[in-house]
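Hi,

Here is the structure I said I would pass on. Have a look at it first, and my notes follow underneath.

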Amino acid sequence: MTENKAKNSAQARQYINFIDEPFLNHQLQGPHPDPTHIRAIIARALEKKPLTVEETAILVKTTKPELVEEIFAAARQLKQTVYGNRIVLFAPLYIGNYCVNDCQYCGFRRSNSDAVRRTLSPGEVINQVKALEDKGHKRLILVFGEHPAYGAEFIADTVRRVYAVQSGHGEIRRVNINAAPLDVDEYKIVKQAGIGTYQVFQETYHRGTYADYHPQNTPKGDYDYRLHGLSRAFEAGIDDMGIGVLFGLYDWRFEVLALVKHALFLQDVFGVGPHTVSFPRLKEASGVSIDNRYLVSDDEFKRIIAILRLAIPYTGLILTARENADIRRACMSFGVSQIDAGSRIELGGYTEAGDAQVQVTEKEQFQLGDLRSLDDVMRELLEDGYIPSFCTACYRIGRTGEHFMEFAIPGFIKRYCTPNALMTLMEYLVDYASPKTRAAGLALIAKELDAMEDSPLKTQLEERLAKIQSEDKRDFYF
Ligand code: SAM
Ligand code: SF4
């Protein structure tokens, strides 16, 4: 094959329709799977092997309570071996809610005349970031409606502006993006600003449902353009991508298989799977009447998370404050590895609403379920034995994409992730925590150090922790 032909065929593969609906539907048919088969798949997952769509379907079709329990137990075990007890924390920052689309579930849709439209000015962005830094945040995700005003240059400028803000001990060390999918050249512009993950949720992988919720005469009405949004990102050199489904639009069982298929497709074609998967559940939003046919119950939601944990072991699972504190707490033990905290989704909400946690739905995209402050969430995590982490080391050292060996290198978590998490936690405790949270955090750090074998790494870690406490030194990482 000539070089050009090879290139063309690789490009063609990037843009094939990899969601084969009849195939996915077929996988969901048939009787309850045989327990031996289910257990064999669970055993394979515990070897940290990504599951096929067919194998995932067997777990999706498992409904007998004792076998579902085995799925949860395995997910718990896998989560502990792959991720340890770290939970990564971030906050969303809504930049603008003008939108040319008309997604029927979203408060920002163009036909919603109740929405209060606003784009943060550069000065307002800086003030929001300062407010977030003053609470202790180091990782943000910037959220944009889809509008000509929010083109690639605007997104890139906003990212640069966020990185430039410094308040007290604070600086934002990683900026992720949730925005409309772009063209290849546009992604290149955004990449240059130094973004972390670029997230695009397909919302639903089911074409008919997609058409029902996203009018054809809007940019988002083009299912295929969105489906290949992250393939174009990869072509532009972005190898850190987030996929997602808005659960509640269509049958969750189909969507789970499609999500796994998308992850396998990215891994197969680009050699890099998605960095994260998000699974928002449909929430009430301004002027939206929810069709409850496909709403996902709490029990189903937990099953979704456990199955995803087993099927795509190396992909971070994000659970946002759309969900209430109890569900979030439950799901951390068997799947979720990243959460937001202290989140405000109204434009300007980090400064303008003060500490009064209010819900003003017509100003927001949808309603939040967990309105606790970052400090309260941190304390609960610590009391439950988790290490809240603000670590951004891998992304800053360039350990991303196919070179991202976090999970492939034996001992990587012990060598890098846990020490880095403990150092970012210590920064938080010294600079931002309430006395109660500080006490809980210092106790957890002492416990983690006790459990570590003596080594040069442990000595270095202890020295660095001491420097953070007494010498005002910050931003260490391994
Ligand atoms: N405009 C961009 C887009 O649509 O991709 C990015 C921003 S959009 C505000 C971010 C995500 O919010 C959407 O992808 C969708 O999954 C989610 N969302 C929209 N309406 C929602 C609702 N009522 N409940 C829960 N999540 C919702
Ligand atoms: Fe606009 Fe995104 Fe909301 Fe759709 S989901 S209306 S594209 S902000």
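**What turned up**

Let me start with Ser 337: leaving out residues up to four places away in sequence, Ser 337 touches Lys 79, Tyr 83, Arg 86, Ile 87, Val 88, Gly 316 and Leu 317. You will find Ser 337 in the loop that runs between α14 (325-332) and β10 (338-340). Its relative accessibility is 5%, so Ser 337 counts as buried, the cut-off being under 20%.

Before going further, keep in mind that this is a predicted model. Mean pLDDT for the chain is 91, with 92% of its residues at 70 or more. Watch out for residues 355-359, though, where the pLDDT is below 50; that stretch still has 12 contacts in the model beyond near neighbours in sequence.

Back to α14, since Arg 328 sits in that helix. Is Arg 328 buried or exposed? With a relative accessible area of 1%, Arg 328 is buried, because that value is under 20%. Once neighbours within four places in sequence are set aside, the contacts of Arg 328 are Leu 319, Thr 320, Ala 321, Glu 323, Ile 339, Asp 340, Ala 341 and Asp 370. For one of these partners, Ile 339, I also have a distance: the C-alpha atoms of Arg 328 and Ile 339 are 8.3 Å apart, and the two residues are 11 apart in sequence.

Now the domains. The assignment splits the chain into domain 1 (3-18 + 79-408) and domain 2 (414-470). Taken over C-alpha atoms, their centres are 29 Å apart. Domain 1 puts 26 residues into the contact and domain 2 puts in 20 residues.

Then the nonpolar core. The largest one has 144 residues, and the members that touch the most others are Tyr 198, Tyr 205, Phe 279 and Leu 308. Helix α12 (residues 252-270) is the top contributor to this core, giving 12 residues. Both domain 1 and domain 2 supply at least three residues each to this core. As for Leu 308, its contacts outside four places in sequence are Val 256, Leu 259, Val 260, Val 277, Phe 279 and Leu 317. Leu 317 is also on the contact list of Ser 337.

Last, one for your side of things: which residues are around ligand 2? They are Cys 99, Asn 101, Cys 103, Cys 106, Phe 108, Arg 109, Gly 145 and Lys 220. By type, this shell has 4 nonpolar, 2 polar and 2 charged residues.

Cheers

Note on methods
Residues are numbered from 1 along each chain as its sequence is written. Chains are lettered from A and ligands numbered from 1 in the order in which they are written. This is a predicted model: local features need pLDDT of at least 70, side-chain atom pairs count only at pLDDT 80 or more; totals for chains, interfaces and linings use all residues. Side-chain values use heavy atoms; hydrogens and water are left out. A nonpolar core is a set of buried Ala, Val, Leu, Ile, Met, Phe, Trp, Tyr and Cys residues joined through side-chain atoms within 4.5 Å. Buried means under 20% relative accessible area, exposed over 50%, partly exposed in between (1.4 Å probe, protein chains only). Helices (H or I, at least four residues) and strands (E, at least two) are DSSP runs, numbered from the N terminus. Domain bounds come from an automatic or database domain assignment. Contact means heavy atoms within 4.5 Å. pLDDT is the predictor's confidence in each residue, from 0 to 100. A residue is near a molecule or strand if one of its heavy atoms lies within 4 Å of it. Ala, Val, Leu, Ile, Met, Phe, Trp, Tyr, Cys and Pro count as nonpolar, Asp, Glu, Lys and Arg as charged, and the others, Gly among them, as polar.
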